[in-house]
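The following exercises are to be worked with the sequence and the structure in view. Each task is followed by a solution in steps.

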Amino acid sequence: MYLSKVTKNIIILKTVLIAIFLVVQLGCATTSQKAYYGTTLPLSELAFIKEDKIQQSSPFGIYSANVLSINDTHVDGNLWEIKSGQTVVEIGTYNLSSVQPIFITKEEFVAEKGHTYKVSIARSGVDDYSPIIEDVTKKTISSESPTEELVNPKEKTSQKHGASENYRTGTQRDIIWKDNFTGIELVLIKGGCYQMGDTFGDGENEELPVHEVCIDDFYIGKYEVTQGQWEKVMGFNPSGMSGGRSVNNPVDNVSWNNAQAFINKLNNETGKNFRLPTEAEWEYAARSKGKKEKWAGTSKKKELRKYAWFEKKGLFSKISNYYTHPVGQKKPNSLGLYDMTGNVNEWVHDKHDKNAYNEHQRENPIYMKGLPGRCYRGGWIGSKPSECRITSRSAVMQNRGLRAVGFRLVMTYFMGKENSSSVLDFRQAERINSLIEDLKYEVAQAYASTTLKAIGTPAIKPLIKALKDYKSQPFASLALKGIGIPAIDPLIVALKDKKSQTFAALTLKEIGTPAINPLIEALKDEKSQPFASIALKDIGTPAIEPLIIALKDKKSQTFAALTLKEIGTPAINPLIEALKDEKSREFATLALKEIGTPEALNSIK
């Protein structure tokens, strides 16, 4: 069939237009990409956006491809791959509430040659969306790099957590311990000495004096603990930044006490010895083994955005728009640690004092004196560059959860073994004294009591002393009750002291049956008789037979009879039997008379 002249002209015109369109789009695809490049289709046909009411990515290919037949290539929706030929990409947070989407913030992302990156979209506000960049390059092991090898293949953990992995990848810096259940990865940091504090001279007085400290080997989290990891252990997500609620974002809005609860539960389930880093360990790791670095990975302000999420500048730069980002999206420092600067602040173990550095020991320092305000380091998404310097120190009371504060874990590596005794164990006396002081403060009492109980026997003497202070008595008593049998004899002695005898008796009553015989002996001492009697009365029925025997001893018979009278009806039959013994008859009679039931009175007629 022959085509008419008009039809031929239409076909030629369409062909020319398509060719022009392809040339334009090909140019766009091979230069820096910006949102919506590559098509003239409506945005709603290209990617998940606000109108779709879906806050997660879709399978590849659901939305239309660009003219090069590549699906999901748009920064503003779903997933996008930056190939090795594209080295500079304009990225940022978009606001989609208007007809023409606008940048709230923007910056350049430089892709390494030969690498492939996956970009997905995270909702960061009511109408705001930002990209998440992940390096998904398939790494090959060269002949010059060591192959993956198990450092300790025989190591076992609880069945729930599966086999933990110790493996070596790449260089010596990458010795990693991994928990299979939570996915938490720890990087081995070799110890050394460094100048701790503000070596640049532009910080605060509390960052001085600069002083040499020496740190032992330790493992530290490759990433901040994520919301997903927290939820696996604790069963809920406390994070406070609505735009940053994602399993791969760092957990925030957790107090220092909350972090300790997470650590205790994780330790119980894994049999490991996780903890928070000390200030000195944290700074040593952030500064890549103590290098003179202002921020983790760099001292150049113009490079900071490559390494850290920090203060957001632009049209909507206000606190309510700040949100966390998935861990590991920025460049790590030279030890392979991510987000040591920015994203969220990180709790450390130390208490805060502006003069702490004046009292630091040289070896593995940790400050544990004073009020229960705890330090956090590193800055967060809302910090200015000056506020997220490595050496900058901040603090808040340990029971307060801030949406800007999360944490990463440490595990001690000593004498070639992970999970060994920590710096806290080596400084046990100092730690105990600090915890005893914390028993006085409501914000720290529960944690201090639980920890002293776990420390056990070495904490008994200081806890007995704490029974004399009305502020610390209740939680000292709880700790001693938890320690149990080893605390009984010191508690018997405490029955003689007017300041401690009430809570000593209460604690012995809570310990129960194991305390009965020592309490019977305490009935012979004038100073301890009244409160020993109270403890035995509260123990009740198990104490009856020993008390019947105590009726025969002149030193204890008065308070034994009084205690049996207080126990009441359960003691009647044993007391009736005691009437048959000449040594116990008199005080058994007194006890039965005081009980006063018909059965008791009839027995003494």
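**Exercise 1. Describe how strand β13 is joined to β16, and place β13 in its sheet.**

Step 1. Strands β13 and β16 run parallel and are joined by 2 bridges. Strands are DSSP runs (E, at least two residues) and helices are DSSP runs (H or I, at least four residues), numbered from the N terminus; two strands pair if DSSP finds at least two bridges between them.

Step 2. The model is predicted: local features need pLDDT of at least 70, side-chain atom pairs count only at pLDDT 80 or more, and totals for chains, interfaces and linings use all residues. Residues are numbered from 1 along each chain as its sequence is written, and side-chain values use heavy atoms, with hydrogens and water left out.

Step 3. Between β13 and β14 there are 3 bridges, and these two strands run antiparallel. Strand β14 (residues 373–377) is in turn joined to β15 by 4 bridges, also in an antiparallel manner. Within that pair, Arg374 is opposite Val396 of β15.

Step 4. The result is an open sheet of 4 strands with mixed pairing, in the order β15-β14-β13-β16. Because β15 (394–397) and β16 are at the edges with a single partner strand each, one side of each has no neighbour in the sheet.

**Exercise 2. Identify the bridge partners of Glu346 in β16 and β14, and the residue that its side chain meets in a salt bridge.**

Step 1. The bridge partner of Glu346 in β16 is Gly406, while in β14 the partner is Arg377.

Step 2. The side chain of Glu346 forms a salt bridge with that of Arg408, at 2.8 Å from N to O. A salt bridge requires a side-chain nitrogen of Lys or Arg within 4 Å of a carboxyl oxygen of Asp or Glu. Since Glu346 belongs to strand β13 (residues 345–351) and Arg408 to the loop between β16 (405–406) and β17 (410–414), the pair ties together parts that are 62 residues apart in sequence.

Step 3. Glu346 is buried, at 0% relative accessibility, and Arg408 is buried as well, with a relative accessible area of 0%. Buried means under 20% relative accessible area, exposed means over 50%, and partly exposed lies in between (1.4 Å probe, protein chains only). As for β13 as a whole, 7 of its 7 residues are buried.

**Exercise 3. State whether Glu437 and Lys440, which form a salt bridge, are buried or partly exposed.**

Step 1. The closest N and O atoms of Glu437 and Lys440 are 3.5 Å apart.

Step 2. Glu437 is partly exposed at 30% relative accessibility, and Lys440 is partly exposed at 31%.

Step 3. Elsewhere, salt bridges with shared partners join Glu279, Glu283, Arg287, Arg377 and Arg393 into one network. The whole structure contains 28 salt bridges.

**Exercise 4. Compare the accessibility of Glu430 with that of Arg427.**

Step 1. The side chains of Glu430 and Arg427 meet in a salt bridge of 2.9 Å, N to O.

Step 2. Glu430 has a relative accessible area of 25% and is partly exposed, whereas Arg427, at 12%, counts as buried.

**Exercise 5. Describe the pairing of strand β10 with β9, and the burial of β10.**

Step 1. Strand β9 (residues 192–196) runs antiparallel to β10, and 5 bridges join them. Gln195 is opposite Glu212 of β10.

Step 2. Strand β10 (residues 211–215) is mostly covered, with 4 of its 5 residues buried.
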